[in-house]
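Visitor: Please show me the structure that we are to discuss. I should then like to put some questions about its aromatic residues, its nonpolar cores and one of its helices.

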Amino acid sequence: MNAVAHEQLLRPLEEFTRLHLDTLRRFGGRALDLSFPNPQFLSDPRPYDVLATLAAQARPLDLRYSPFGGFTPVRRRVAAALAKQHGLPYAWNDIVMTPGATAALRVALNCLFSPPDRIILVTPCWMDYPLYLQDLGLAFDLVPTTGDEHLDVEAITKAWTPETHGVVIAQPGSPTGVIHDAAELQQLAALMQRHSTPTPPLLIADEAHAQQVWDQTPCPAPAAHYPHTLTVRSFGKAWDMQGQRTGCLAVSPHLGIRHQAIEHLVRTMRVTGHCAPTALTQQLAATLSDTAPDLTGLADLQRHARHRLLHHGVIPLDTHATRFLYARCPVPDDRAFVSQLAERGVLVMPSSLFHETGWFRIALNFGTPELDRALDIIGEECNRA
């Protein structure tokens with residue numbers, strides 16, 4: 001591990017976290033925190049009601065140790081639900097329950113790749129994709145999306161090397177909220193198929209936000225277009241219970257090394273010390289597996305926030321998913337702009353955390369009137385810059 005390179009990947013979030021804490025200390029209850037996606041209102045009470053019922057009815061054996069891949073009845077229900085969503089015949093053991101999507105991603109990378117493999121990361125992306133790869137001694141190439149944040153298959157083609165053995169994409173994109181359509185995914189699949197000799201490259205599809213599509217836009221599954229796919233899911237993200245750290249890995253039924261991969265993934269859960277999510281949250285995930293979150297409130301909030309920004313001349317990226325708004329900075333230095341907003345008690349995230357410069361991300365953590373106050377300040381600072 002290169003300690004200097006490691007430090008370069010760790011430092012940006014640590015610096016932002018210090019700015020975040022300093023701002024909260026200075027402004028106290030007046031701070032308007034739209035950075036980390038921690039909503040301060042209840043969008044859908046059902047998961048909280050189910051969790052309370054499960055906890056109240058729990059007997060000692062309901063809270064017992066779980067197998068490393070998760071309880072079989074839970075995996076069976078999750079597999080059935082995902083089979084409907086992806087149109088693929090998942091079996092129960094194609095599902096590995098994980099303590100959050102981050103653990104799922106780390107376990108998949110640890111299990112399926114080894115040096116000198118190279119991995120293509122489509123950017124902007126979640127901040128710690130490169131950190132995990134570097135910590136595992138794996139090389140990576142950051143490949144930007146197009147100007148409107150869709151897949152740039154031509155750029156991916158140019159970045160491909162003989163050592164490239166995998167691609168990581170988010171569907172929908174995070175932090176952008178862009179949904180990659182079927183044509184994009186088919187182009188990516190065709191590219192990867194062309195490089196399938198002697199071993200097919202693997203696609204890791206991060207679907208942590210797949211259940212946060214707040215309008216009727218279709219959100220096709222990458223696994224339905226490319227057989228050699230592992231899908232990462234987050235129940236916490238879907239139900240605004242991120243801190244419960246409950247997710248899963250889904251191995252495509254058409255993956256060429258399906259059975260070896262499943263066994264290796266479960267073993268890697270043990271080797272890495274991740275284990276499965278808590279017994280109670282696994283039961284919660286199983287109970288909710290056939291239920292879609294109520295996104296009516298999020299849709300209303302997205303439309304309201306976009307209208308408010310447009311009133312100030314700030315044009316957010318036209319997207320259809322996630323709790324985020326993504327907008328261009330009025331100045332080239334996104335971190336400087338975010339610091340400027342923090343001086344007025346408003347916290348948003350700079351896109352440089354997500355390996356892209358010149359944008360900022362707003363998490364819709366408040367309803368009105370707090371959100372309106374924050375968006376008005378953002379609009380004022382954009383116009384002043």
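Visitor: How many aromatic pairs does a search of the whole structure find?

Guide: This is a predicted model, in which local features need pLDDT of at least 70 and side-chain atom pairs count only at pLDDT 80 or more, while totals for chains, interfaces and linings use all residues. Residues are numbered from 1 along each chain as its sequence is written, and side-chain values use heavy atoms, with hydrogens and water left out. Rings of Phe, Tyr and Trp (its six-membered ring) pair if their centres lie within 6.5 Å; planes under 30 degrees apart count as stacked, over 60 as edge-to-face and the rest as tilted. The number of aromatic pairs found is 5.

Visitor: Is the pair of Phe-16 and Phe-36 stacked or edge-to-face?

Guide: Phe-16 belongs to helix α1 (residues 3-27), and Phe-36 to the loop between β1 (32-33) and α2 (46-57), 20 residues apart; helices (H or I, at least four residues) and strands (E, at least two) are DSSP runs, numbered from the N terminus. Phe-16 has 4% relative accessibility and is buried, whereas Phe-36, at 25%, is partly exposed; buried means under 20% relative accessible area, exposed over 50%, and partly exposed in between (1.4 Å probe, protein chains only). The ring centres are 5.8 Å apart, with 65 degrees between the planes, and the pair is edge-to-face.

Visitor: Which strands are linked by the pair of Tyr-326 and Trp-359?

Guide: The two rings are stacked, at 4.9 Å centre to centre and 10 degrees between the planes. Tyr-326 is buried at 1% relative accessible area, and Trp-359 is buried at 5%. The two residues are 33 apart in the chain, and the strands they link are β9 and β12.

Visitor: Which element supplies the largest share of the largest nonpolar core?

Guide: A nonpolar core is a set of buried Ala, Val, Leu, Ile, Met, Phe, Trp, Tyr and Cys residues joined through side-chain atoms within 4.5 Å. The largest has 33 residues, of which Val-348, Phe-360, Ile-362 and Ile-378 touch the most other members. At least two residues each come from α11 (296-311), β9 (324-328), α12 (334-342), β12 (359-363) and α13 (370-384). The largest share, 6 residues, is supplied by α13.

Visitor: Why do the buried residues of α11 lie on the same side of the helix?

Guide: The buried residues of α11 are Leu-298, Ala-299, Leu-301, Gln-302, Ala-305, Arg-306 and Leu-309. An α-helix has 3.6 residues a turn, so residues three or four places apart point the same way. The buried residues are on the same side of α11 because the arc they cover around the axis, taken from the directions to the C-beta atoms, is only 165 degrees.

Visitor: Which residues are exposed on the other side of α11, and what do its buried residues pack against?

Guide: The buried residues of α11 pack against β9, β12 and α13, where contact means heavy atoms within 4.5 Å. On the other side of α11, the exposed residues are His-307 and His-311.

Visitor: With which side chain does the side chain of Asp-117 make a polar contact?

Guide: Asp-117 sits in the loop between α4 (101-112) and β3 (118-123), and at 12% relative accessible area Asp-117 is buried. Leaving aside residues up to four places away in sequence, Asp-117 touches Leu-138, Ala-139, Glu-163 and His-165. A polar contact is a pair of N or O atoms within 3.5 Å; within protein, one must be able to donate a hydrogen and the other to accept it, and residues adjacent in sequence count only if both atoms are side-chain atoms. At 3.2 Å, the partner of the Asp-117 side chain is that of His-165.
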